[in-house]
Amino acid sequence: MVKLRLKRCGRKQRAIYRIVAIDVRSRREGRDLRKVGFYDPIKNQTYSNVPAILYFLEKGAQPTGTVHDISKKAEIFKELRLITRNQK
């Protein structure tokens, strides 16, 4: 099973996180399948590769709680609903 989760990067006391698609059995800094964005909690900046995130969500990937909240603020789930409506 694939999850969308955060992977810690940066230095001490100045963490930034990559949003990655990763196998559930891998550890936090383990090998990821694909990098799909990043999140900087100090500057409160987010970059998301929306087509890549939508691809993994359509394939059944589950976002963690934090990634879900970040995606919700970026309105990625609205785009996912639009795509599924157009396919029907």
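Is Tyr55 buried, partly exposed or exposed? I looked this up at the start: Tyr55 has a relative accessible area of 43%, so I entered it as partly exposed. The model is a predicted one, and I kept that in mind for every entry below.

**Aromatic pairs**

I searched for ring pairs and the count came to two. For Tyr55 and Phe56 I noted ring centres 5.3 Å apart and planes at 75°, so this pair is edge-to-face. The angle decides the label, because planes over 60 degrees apart count as edge-to-face. I then checked the burial of the partner: Phe56 has a relative accessible area of 11% and is therefore buried. Tyr55, by contrast, is partly exposed.

**Nonpolar core**

Phe56 came up again when I turned to the core. The largest nonpolar core holds 17 residues, and Phe56 is among those with the most contacts inside it, together with Leu4, Ile19, Val36, Ile53 and Leu57. I listed the elements that give two or more residues to this core: S1, S2, S3, H2, H3 and helix H1, which spans 50–58. The greatest contribution is that of H1, with five residues.

I took Leu4 as a sample and left out residues up to four places away in sequence. Its contacts include Val36, Ile53, Phe56 and Leu57. Leu4 also touches Val20, Ala21, Ala61, Gln62, Pro63, Thr64 and Val67. As a general remark, nonpolar side chains tend to be buried together in soluble globular proteins.

**Salt bridges**

How many salt bridges does a search of the whole structure find? I got three.

Asp32 forms one with Lys7, and the closest N and O atoms are 3.0 Å apart. The two residues are 25 apart in the chain, with Asp32 in the loop between S2 and S3 and Lys7 in strand S1 (residues 2–11). I checked accessibility and found both Asp32 and Lys7 buried.

Arg14 forms another with Asp40, with 3.3 Å between the closest N and O atoms. This pair also links distant parts of the chain, since Arg14 is in strand S2 and Asp40 in strand S3, 26 residues apart. Here I recorded two accessibility classes: Arg14 is partly exposed at 24%, whereas Asp40 is buried at 5%.

Arg25 forms a salt bridge with Asp23, where the closest N and O atoms are 3.0 Å apart. I entered Arg25 as exposed, because its relative accessibility is 75%.

**Strands S3 and S4**

I looked at how S3 (residues 34–40) meets S4 (residues 45–48): the strands pair in the antiparallel sense, over four bridges. Across this pairing, Phe38 stands opposite Tyr47 in S4. The hairpin has four residues between its strands, and there I found Asn44 with a positive phi near 55°.

**Other positive phi values**

Which residue in the loop between S1 and S2 did I note? It was Gln13, which is not a glycine and has a positive phi near 60°. Gln13 counts as exposed, because its relative accessibility is 77%.

Glu75 is also not a glycine, and its phi is positive at about 60°. I placed Glu75 in the loop between helix H2 (65–73) and helix H3 (76–87). At 43% relative accessibility, Glu75 is partly exposed.

Definitions and conventions
Residues are numbered from 1 along each chain as its sequence is written. This is a predicted model: local features need pLDDT of at least 70, side-chain atom pairs count only at pLDDT 80 or more; totals for chains, interfaces and linings use all residues. Side-chain values use heavy atoms; hydrogens and water are left out. Two strands pair if DSSP finds at least two bridges between them. A salt bridge is a side-chain nitrogen of Lys or Arg within 4 Å of a carboxyl oxygen of Asp or Glu. Buried means under 20% relative accessible area, exposed over 50%, partly exposed in between (1.4 Å probe, protein chains only). Rings of Phe, Tyr and Trp (its six-membered ring) pair if their centres lie within 6.5 Å; planes under 30 degrees apart count as stacked, over 60 as edge-to-face and the rest as tilted. A nonpolar core is a set of buried Ala, Val, Leu, Ile, Met, Phe, Trp, Tyr and Cys residues joined through side-chain atoms within 4.5 Å. Contact means heavy atoms within 4.5 Å.
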